[in-house]
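Biologist: I am new to this structure and would like a close look at a single part. Please start at one residue, and then set that part against the rest of the chain.

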Amino acid sequence: MQTYHFDEIVSDEGVVTLSGLPPLSKVAIVVVDTKQSDFQELMKQWMYDIRQRHPFAKMSKDEIMNHLRQTREVVYDELYGNRYDD
């Protein structure tokens with residue numbers, strides 16, 4: 001079994017042309033979508049999207065801390081209610 005390696009780009013029509021193969025060769029094609037395999041670029045895009053729409057992105061550090069404290073108090077009341085009040 002002979003292995004050939006081709007590094008070709010698919011045309012806009014979805015066509016790839018290979019040349020230099022022996023006649024009647026059986027061909028298996030593996031497509032590598034480099035746009036999807038670039039994890040670091042995907043993470044950058046995801047973080048950019050979050051920064052554009054997350055409410056904390058428009059708040060100052062003090063505003064975020066106040067919001068988190070309020071959330072903590074609400075969650076505490078939901079979980080423990082008046083259990084420890086005298």
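**A close look, starting at D12**

Modeller: D12 is exposed, because its relative accessible area is 83% (buried means under 20%, exposed over 50%, and partly exposed in between, with a 1.4 Å probe and protein chains only). Before going on, note that this is a predicted model, in which local features need pLDDT of at least 70 and side-chain atom pairs count only at pLDDT 80 or more, while totals for chains, interfaces and linings use all residues. Residues are numbered from 1 along each chain as its sequence is written, and side-chain values use heavy atoms, with hydrogens and water left out.

D12 belongs to the segment before helix 1 (helices are DSSP runs of H or I with at least four residues, strands are runs of E with at least two, and both are numbered from the N terminus). From D12 to D33 there are 21 residues in sequence, and their C-alpha atoms are 14 Å apart in space.

L24 is also in the segment before helix 1, and that helix covers 34-37. The relative accessible area of L24 is 90%, so L24 is exposed. The backbone of L24 has a phi near 60°, which is positive although the residue is not a glycine.

Further along, Q52 sits in helix 2, which covers residues 39-53. Q52 has 47% relative accessibility and therefore counts as partly exposed. Its C-alpha atom is 30 Å from that of V32, and the two residues are 20 apart in sequence.

Helix 3 comes next. It has 20 residues, 61-80, and its end C-alpha atoms are 28 Å apart, which agrees with the 28 Å expected at 1.5 Å a residue (the expected span is 1.5 Å times one less than the number of residues). After helix 3 comes G81, with a positive phi near 50°.

Helix 3 also holds both Y76 and Y80, which are four residues apart, about one turn of the helix. A pair of aromatic rings is described by the distance of the centres and the angle of the planes. The structure has one aromatic pair (rings of Phe, Tyr and Trp, the last by its six-membered ring, pair if their centres lie within 6.5 Å; planes under 30 degrees apart count as stacked, over 60 as edge-to-face, and the rest as tilted). That pair is formed by Y76 and Y80, with 4.9 Å from centre to centre and 45° between the planes, and it is tilted. Y76 has a relative accessible area of 41% and is partly exposed. Y80, at 35%, is partly exposed as well.

As for the whole chain, the protein has three helices and zero strands. Its radius of gyration is 28 Å, well over the 12 Å that the globule rule gives for 86 residues, so the protein is more spread out than a compact globule (the radius is taken over C-alpha atoms, and the rule is 2.2 Å times the number of residues to the power 0.38). The C-alpha atoms fill a box of roughly 90 × 30 × 20 Å along the principal axes. Of the 86 residues, 1% are buried.
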